[in-house]
Amino acid sequence: MSERVVVLGAGYAGVMAANRLARAGVDVEVVTPDPVFVERVRLHRVAAGHRADARVALRTVLHPDVGIRTGTARCIDAGRGTIRLASGHDVGFDRLVVAVGSGRTPDDRPHLHRVANEDAALRLRAALAQHPDAPVTVVGAGLTGVAVACALATAGRRVEIVSREPRRDDPYHQAQRRRLRTLGIVLRRGERDDLDAGAGIVVDATGFQVPRLAADSGLPVDERGRLLVGPDLRVPTHPDVLGAGDAVHVVGDGARHLRMSCATALPMGAHAARVISELRADRPTTPFRHSYVVRCIDLGGAVGRVQFVTATDEERRMALTSVPGGLGKELVVRGTIRAMRHGARRRAPRSRSPVRRPITTRATEEWNDTRLGDFAWTSGNVGEAIPGVMTPVTWSLVRVFLSEAMAPSTVGGFRLAGNIGGRLYLNLSVLLGASAAIGLGRRVRGTVEQVFGRFPADLEVPPLPLPRRTIVVDLLRTGIPFALRVAGHRRNLPARVEAARTRCEVVRRRIRGTTTPDGLAALWHSDVEPLLRHTSRLLAAGARTNGAAVVRTRPWLVKRVGAADADALLTGAGAHGGHLESLGPVVGLARVARGDLGRDSYLRTWGHRCPDEFEVSAPRPVEDPDWIDRQLAAVPAGESDPLALLARQERVRDAARARFRARHPRREGSLRRRLARVAEATRAREAGRSEAVRAFLVLREFILRAGELTGLGEDLFFCTYEEILAVLADDTGVLDRVPARRTTYERLAALPPYPSLIRGEFDPFRWAADRRTGIHDATGDTLTGFPGVAGVVEGTARVLDRVEQRDRLDAGAILVTTAANVGWTPLFPRAFAVVTDVGAPLSHAAVVARELGIPAVVGCGDATTRIRSGDRIRVDGAAGTVEILDRDRGDEPGERR
């Protein structure tokens, strides 16, 4: 019978022990409250706002054969060999490695903060953002205290350090004193308890505490609660229990010099694994011996100090200081993660026995990136593409998609995309802050408004809390490879798009033909993930084809012929020698209705397009045999037939072109070239997006197949894709989170759409409650948005929340909805006009309405809350206004003016 080892904790010591054991072929499982590895040595920068987080996906640093069980240990029964989790489950073990690390007990004084763990660092960052002018006092002048003080000072805060007594690693060393003086940090003697709330924000960096797990379990501990272990890291009273890391006190003269640090935890975790291997082989155990080499400290910005030390941690004369010291410190930190990932790559064979554990946890999670700091967020454009609340697996896949499709996807650790209450938002502070750093702030803001919607004149976008040099270096590091990738994919883009379509079908067949979890996991790495990244790059290439022409041509036209003729001239992208994908579904249905196109051909071409086409839990038309029949019942005839609308718009376009030629005969050639570039850009962008969406159909089929092979079904929609791969490898620990995530998803999906612009911290539940009671209700009868398509019409409003409500849209009514993507296209020919909350001149609703000649106003912000179905409204597509004429009286037909 194989021996089972459990490692409590997934910090530096726990990960190192688990990896070494797995490489030795031991059956090992890690128990951790959160399947994420936190780089604690970076938490001071997270607190100061220099980094968005310090998280690393646990599976990337953990050996593939290591199981992960999500849970919090409450008690260890060493005699019985069991661990009681907070969920009530018991975990059995033959040998146990206690590597629970250290932290700090929360303090009831609101002004007192710590950086001992990620939650504490984020609370400190939130307090700093809430009180931007408050002074900061750091208590403790050890390595942590000095690093925190320097990070805060480089972020522009007024900082002082209070220390009881100077020690040899205090900032009384000459080099550190110089750096603190440069940053304006004041040093003084004092005690933490002498500071009250009037001292501003107080950061306690006087040391760490260990969890009470060992003491509460009756295991031997020292006066600080650390687990007492012998020289071989075993507990003397329970030799099958070992300890490693900060929560351990090694008894013996050879361990007096050990300090709480990752420099100690890593070799200690490795030695615990060595001792277990020796016990399994009936060999004598080896005592733990560790010799130090350096002691590193981050002094803010790019400055640091790498102090060389003796084996027993005594300082030598040699040190790297200033920028070389900062570089050395960063290399040590990065090298640690690289070494852990290297240790996770080597695989030792072991027998596999699937274990399906019951899912019993029932709580909720928080999905809210506004808590990362004071930023401005927008859902414009992205809220049209992904209009609903995302399941966890969709969010994990969207992050991969955006990392390939958008640049910069991160700046200084701050992500461009965020998850706010399950909905996708873009961080304007990242986008505009990065642009401002390279001198393009005003130009990019104007372009951003064309794509993501207009910002209020008084909206102040908070800057990134990063030095300009850091932003520029990061942009160069990520932007140059991105530009090279895009340039490569833009070459012969139409052929690449067609090849991607064929590739998707091949991968779909391979997914359906895979019969084992191992085979499906291997297929992810060989086919599915590369397809996702490839199609994301196709979209990036398409979106950047003649992008400047798209933004500049309409203002150029409006200046010369006015808004109405400008919109008419910009139509017909499919008539300039190509096909416009966004019109495909509605035109294709009209052709099916006429008998010109077969149903199978339609589904092969457009069966992947739907209102929630990026949400992998949403069914696609290709999966529903009755979908086409329902759509055909809604296809209008006569003048509202899509093909008739396109023909009418062609006549309007020809007339506008004749007027342009009469007024500006010498600019006819310039107009032709500009319109050709706009048409090419529009087709390329839409074609790239269509294939990216097709790849998400492949991803959906992959997840459904994984659910079939594991017997977990739709539960996998509430795992990340990394966790699904872990489940395919028989690691079911992540499933404990599924009920909480499902509950969170259901609660968030029940809320109305959030505001398209958010500044600062946002609570979706509180906002929804206020909104229902009228706090967010606007006054007045005129709404303002973006001019989508010129034209003035009056008619009856029909407010639709989802496309399935199509029967409520009478012919000649005005469609009012939150966002209208390609899934809404079949409804457009029935509408007299289109009004949306979310959108911009380059959004899907504006593009398709313009092609069909339907007046539209997009990006109104709150049209669905201020307009009720039945209201009589006037839509002015040229001015970008919607006026409520009469409340709830409309059954009169619409009339065009």
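**Exercise 1. Overall make-up**

Task: State how many helices and strands the protein chain of this predicted model has, and work out what share of its residues is buried.

Solution: Counting the secondary-structure elements first, one finds 28 helices and 36 strands in the protein chain. The next step is burial, and here buried residues account for 57% of the 897 residues in the chain. A last step looks at how the contacts are spread along the sequence: among contacts in the protein chain with a separation of 6 or more, 68% join residues that are 24 or more positions apart.

**Exercise 2. Two helices that cross**

Task: Determine at what angle the axes of helix α14 and helix α16 cross, and which residues of α14 meet which residues of α16.

Solution: Begin with the two elements themselves, helix α14 spanning residues 468–490 and helix α16 spanning residues 517–543, whose axes come within 8 Å and cross at roughly 85 degrees. Because angles of 65 to 115 degrees count as roughly perpendicular, α14 is roughly perpendicular to α16. On the α14 side the contact is made by F482, R485, V486, H489 and R490, which meet H534, R537, L538, A540 and A541 of α16. Sorted by class, the contact of α14 with α16 has 5 nonpolar, 2 polar and 3 charged residues.

**Exercise 3. One residue of α14 in detail**

Task: Decide whether F482 is buried or exposed, and find which residues F482 touches beyond its sequence neighbours.

Solution: F482 lies in helix α14, and its relative accessible area is 7%. Since buried means under 20% relative accessible area, F482 is classed as buried. When residues up to four places away in sequence are not counted, F482 touches E404, A405, M406, A407, A540 and R544. For M406 the separation can also be given in two ways, as F482 and M406 are 76 residues apart in sequence and 8.5 Å apart in space, C-alpha to C-alpha.

**Exercise 4. The largest cavity and helix α17**

Task: Find how many cavities of 30 Å³ or more the structure holds, which helices each supply at least two residues of the lining of the largest cavity, and what T553 contacts.

Solution: A search of the whole structure yields 6 cavities of 30 Å³ or more, and the largest cavity has a volume of about 180 Å³. The largest cavity is lined by 13 residues, with L570, V678, T682, L842 and R850 lying nearest its centre. The lining residues divide into 7 nonpolar, 2 polar and 4 charged, and at least two of them come from each of α17, α23 (668–710) and α27 (844–852). Turning to α17, which covers residues 547–561, one finds T553 within this helix. T553 is buried, with a relative accessible area of 1%. Leaving aside neighbours within four places in sequence, T553 is in contact with L570, R674 and V678; L570 and V678 are also among the residues nearest the centre of the largest cavity.

**Exercise 5. Positive phi in loops**

Task: State what phi D282 has and what phi N492 has, and where in the chain D282 and N492 lie.

Solution: The background to this exercise is that most residues other than glycine have a negative phi. Phi of D282 is near 55 degrees, a positive value in a residue other than glycine, and phi of N492 is likewise positive and near 55 degrees. D282 sits in the loop between α8 (262–280) and β19 (294–298), whereas N492 belongs to the loop between α14 and α15 (493–513). As to accessibility, D282 is exposed, with a relative accessible area of 70%, and N492 is exposed with 54%.

**Exercise 6. Pairs distant in sequence**

Task: For E365 and R741, and for R604 and E505, give the separation along the chain and between C-alpha atoms.

Solution: E365 is found in the loop between α9 (322–343) and β22 (376–378), where it is partly exposed, with a relative accessible area of 25%. E365 and R741 are 376 residues apart along the chain, and their C-alpha atoms are separated by 6.2 Å. Leaving aside neighbours within four places in sequence, the contacts of E365 are R737, A740, R741 and T744. In the second pair, R604 is part of helix α20 (residues 599–606) and is exposed, with a relative accessible area of 57%. R604 and E505 are 99 residues apart along the chain, with 9.6 Å between their C-alpha atoms.

Key
Residues are numbered from 1 along each chain as its sequence is written. This is a predicted model: local features need pLDDT of at least 70, side-chain atom pairs count only at pLDDT 80 or more; totals for chains, interfaces and linings use all residues. Side-chain values use heavy atoms; hydrogens and water are left out. Axes are lines fitted to C-alpha atoms, for helices over the stretch in contact, and angles run from 0 to 180 degrees between N-to-C directions. Helices (H or I, at least four residues) and strands (E, at least two) are DSSP runs, numbered from the N terminus. Angles under 35 degrees count as roughly parallel, over 145 as roughly antiparallel, 65 to 115 as roughly perpendicular and the rest as oblique. Contact means heavy atoms within 4.5 Å. Ala, Val, Leu, Ile, Met, Phe, Trp, Tyr, Cys and Pro count as nonpolar, Asp, Glu, Lys and Arg as charged, and the others, Gly among them, as polar. Buried means under 20% relative accessible area, exposed over 50%, partly exposed in between (1.4 Å probe, protein chains only). On a 1 Å grid over the protein atoms alone, a cavity is a set of points where a 1.4 Å probe fits but cannot get out, and a pocket is an open set with protein on both sides within 12 Å along at least five of seven lines; lining residues have an atom within 4 Å of a point. Grid points are joined across faces, edges and corners, and a volume is the space filled by probe spheres set on the points.
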